[in-house]
Amino acid sequence: MAIGIKKAALGLIVTFIGLVFVLPTVFWLVSVQVDNAFRVGPILPPPVSLILAATFILVGIFWITWAYSYLVFVGKGLPFEVFGKALQPTQVLVTTGPYAYTRNPMVLGAMFVLLGVAFLARSPSGMLLVPIAVLIAYIYLVTFEEKALLERFGSDYEEYRRNVPALIPRLNPYIR
């Protein structure tokens with residue numbers, strides 16, 4: 001069952017709004033509030049922080065876009081899942097493209113975007129909050145998403161999970 005172009009485009013827009021605008025904005029606001037509460041100053045001068053911010057944000061957007069396209073065109077589904085219930089679940093287990101390197105390339109992309117936001121805000125708190133946000137995302141993924149994928153794809157997903165790391169990418173792609 002293929003996804004229609006309208007649904008795929010709407011999904012991409014919602015994904016980008018959430019992962020590239022809403023999440024980073026909330027992260028920025030929280031980071032700045034924590035910095036202010038603890039009276040912590042900027043960590044890097046503007047030229048360096050801006051270059052690092054742009055680099056990390058672009059790398060993050062790349063991973064998010066690459067992963068999204070594989071879910072839609074290869075997996076024939078969308079990345080929207082709430083507590084293990086997919087709104088448009090993938091029909092095929094995606095193990096190619098970014099998924100050949102890491103099981104959660106969108107989370108990896110979001111982590112890069114958040115690091116970029118921390119550099120943009122020049123926020124020491126933001127740098128400390130990124131691993132906390134990633135840990136929360138990882139706990140969610142293990143608790144809900146991985147269970148749902150095991151139910152849907154069984155031993156294929158189990159083998160994939162044994163061979164591909166959850167977040168830190170492999171150096172060479174997984175080949176099924």
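Student: Which residues have the most contacts inside the largest nonpolar core?

Tutor: Happy to start there! In this predicted model, F27, I64, L108, M111, V130, V134 and L167 have the most contacts inside that core, which has 17 residues. Helices α1, α2 (46–73), α3 (105–121) and α4 (124–163) each supply at least two residues of this core. The most comes from α3, with eight residues.

Student: What makes a set of residues a nonpolar core?

Tutor: The residues must be buried, must come from a list that includes Val, Leu, Ile, Met and Phe, and must be joined through side-chain atoms within 4.5 Å. A second, separate core of 16 residues is also present, and L93, Y160, V164 and Y174 are among its members.

Student: Which residues does I64 touch, leaving aside those up to four places away in sequence?

Tutor: I64 touches T15, F16, L19, V20, M106, G109, A110 and V113.

Student: Why is L12 called partly exposed?

Tutor: Its relative accessibility is 31%. Buried would need under 20% and exposed over 50%, so L12 counts as partly exposed. You will find L12 in helix α1 (residues 5–37). L12 and K76 are 64 residues apart in sequence, and their C-alpha atoms are 13 Å apart in space.

Student: Why are α1 and α4 called oblique to each other?

Tutor: Start with the angle: α1 and α4 pack at about 125 degrees, with their axes 8 Å apart. Roughly perpendicular covers 65 to 115 degrees, and roughly antiparallel needs an angle over 145. The angle fits neither class, nor is it under 35, the cut-off for roughly parallel, so the pair is oblique. The crossing of α1 past α4 is right-handed.

Student: Which residues make that contact?

Tutor: From α1 come F27, V30, S31, V34 and D35, and from α4 come P124, S125, G126, L129 and V130. By class, the contact of α1 with α4 has six nonpolar, three polar and one charged residues.

Student: How do you know that α3 is roughly antiparallel to α4?

Tutor: Their axes come within 9 Å and cross at roughly 160 degrees. The cut-off for roughly antiparallel is over 145 degrees, so α3 and α4 qualify. Again, α3 passes α4 in a right-handed crossing.

Student: What is the make-up, by class, of the contact of α3 with α4?

Tutor: This contact has twelve nonpolar, one polar and no charged residues. On the α3 side are V107, M111, L114, L115, A118 and F119. The α4 side has G126, M127, V130, A133, V134, A137 and L141.

Technical notes. Residues are numbered from 1 along each chain as its sequence is written. This is a predicted model: local features need pLDDT of at least 70, side-chain atom pairs count only at pLDDT 80 or more; totals for chains, interfaces and linings use all residues. Side-chain values use heavy atoms; hydrogens and water are left out. Helices (H or I, at least four residues) and strands (E, at least two) are DSSP runs, numbered from the N terminus. Buried means under 20% relative accessible area, exposed over 50%, partly exposed in between (1.4 Å probe, protein chains only). Contact means heavy atoms within 4.5 Å. Axes are lines fitted to C-alpha atoms, for helices over the stretch in contact, and angles run from 0 to 180 degrees between N-to-C directions. A crossing is left-handed if the near helix is turned anticlockwise from the far one by less than a right angle, and right-handed if clockwise. Ala, Val, Leu, Ile, Met, Phe, Trp, Tyr, Cys and Pro count as nonpolar, Asp, Glu, Lys and Arg as charged, and the others, Gly among them, as polar.
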